[in-house]
Amino acid sequence: MDLSNEGNDQVVKDLQTLALGPLKGVQCFSGIVGNGFRFHTRDIEMKRVHQNSGVMVKGIVGDTEKNYYGILTDILVIQYLDGKWVMLFRCDWWDVHRIGRGVKVDKHGYVSVNSLCSLRTKEPFVLMSQAKQVFYVSDGLDPNWLVVVETHPRHHYNVAEREVIEDDEDALQQLQPRVAENALISQTNLQETHDPFVEIRDDIGEMVIDATEANQPKDFDENVVIQLNDNNLIDEDDSESDQESDDDDIDLA
């Protein structure tokens, strides 16, 4: 099969890299920050106060999902050509297949694992991208049992998403009460802002004013000179000084 003529070029390169196999040698680490968690191996955790070696992986047994719980022992990085690499977690797993003896769930939904029952498996490795972090708390009634406490990635928050879909008719029905309410508020504001001192007098009878030449409107006359006081007049010397001062200003435009 000629892969050069099949599909995307980048996919073909990745397949060829995986087909050639990994490079010789493996890098080992004692801690890694991934998936929003800080993981430490069990040996490093023994020297520290905080617990960061608990691992949980979701698996499928038959048609049902099952959570596997374990302790991180090694962090391995396998390198391939073209700078490709895969990070693996090697863990010691608890036996979650034997209900009641290896794992149990109380009435509150808390899961506990028996620290004396290990899972016999030939597949201790999981991908780092599949692992989630958990903590183990000693059971006060039985020290051999550990209560599993799941945690959330750092800076990740579970916010419920709510999608609201409204038809145009529903939106119009919701808008109409608001418009009526705003109109009522506006009318109330007008009543509240009404000046109580401005009232219409009803104790005065009707008055009739005869139209004469004195109270008739007159046409505009250009010959009429409007008299201004001294404050409104501008002296010619003052206008020249203002013009000189404007010439001294620097135009930054």
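Modeller: Start with a term: two strands pair if DSSP finds at least two bridges between them. Keep in mind that this is a predicted model.

Biologist: Got it. What is the bridge partner of L88 in β9?

Modeller: L127 is the β9 bridge partner of L88. Three bridges join β6 to β9, and these strands run antiparallel. Strand β9 covers residues 125–127.

Biologist: And which way do β5 and β6 pair, and over how many bridges?

Modeller: They pair in the antiparallel sense, over nine bridges. Strand β5 takes in residues 64–79, and β6 takes in residues 85–93. Look at L72 for an example. Its bridge partner in β6 is C91.

Biologist: How many residues sit between the strands of that hairpin?

Modeller: Five residues lie between β5 and β6. One residue to find there is D82, which takes a positive phi near 60 degrees.

Biologist: Let's zoom out. How many helices and strands does the protein have?

Modeller: Four helices and eleven strands.

Biologist: What share of the residues is buried?

Modeller: Buried residues are 22% of the 253 in the protein. As for the surface, the protein exposes about 21,400 Å². Carbon and sulfur atoms supply 51% of that area.

Biologist: What about contacts between residues at least 6 apart in sequence: what percentage join residues at least 24 apart?

Modeller: The figure is 55%.

Biologist: New topic. How many salt bridges does a search of the whole structure find?

Modeller: Three. Here is the general idea. Side chains of opposite charge can pair when their charged atoms come close.

Biologist: Which residue does K84 meet in a salt bridge?

Modeller: The side chain of K84 meets that of D14, at 3.7 Å from N to O. This pair links distant parts of the chain, with the two positions 70 residues apart in sequence. K84 is in the loop between β5 and β6, while D14 is in helix α1, residues 9–19.

Biologist: Why does K84 count as partly exposed?

Modeller: Because its relative accessibility is 30%, and partly exposed runs between the 20% and 50% cut-offs. D14 is partly exposed too, with a relative accessible area of 27%.

Biologist: Next one. What does D92 pair with?

Modeller: D92 and R42 meet through their side chains in a salt bridge, 2.8 Å from N to O. They too come from distant parts of the chain, 50 residues apart. D92 belongs to strand β6, and R42 belongs to helix α2, residues 42–45. D92 is partly exposed at 36% relative accessible area. R42 is partly exposed at 34%.

Biologist: And D95: buried or exposed?

Modeller: Buried, because its relative accessible area is 8%, and buried means under 20%. The side chain of D95 forms a salt bridge with R98, at 2.7 Å from N to O. R98 is partly exposed, at 34% relative accessibility.

Biologist: Last stop, H97. Where is it?

Modeller: H97 is in the loop between β6 and β7, and β7 spans 103–105. With a relative accessible area of 40%, H97 is partly exposed.

Biologist: What is H97 in contact with, leaving aside neighbours within four places in sequence?

Modeller: V61, K66, Y68 and L119. Take Y68. It is 29 residues from H97 in sequence, and the two are 9.3 Å apart, C-alpha to C-alpha.

Biologist: What joins the side chains of H97 and Y68?

Modeller: A polar contact of 3.3 Å.

Notes: Residues numbered from 1 in each chain as written. Predicted model: local features only at pLDDT ≥ 70, side-chain atom pairs only at ≥ 80, totals over all residues. Heavy atoms only, no water. Buried < 20%, exposed > 50% of the residue type's maximum accessible area, 1.4 Å probe, protein only. Contact = heavy atoms within 4.5 Å. Areas by Shrake-Rupley, 256 points an atom, 1.4 Å probe, with all protein chains shown as cover. Polar contact = N/O pair within 3.5 Å; in protein donor to acceptor, adjacent residues only side chain to side chain. Salt bridge = Lys/Arg side-chain N within 4 Å of Asp/Glu carboxyl O.
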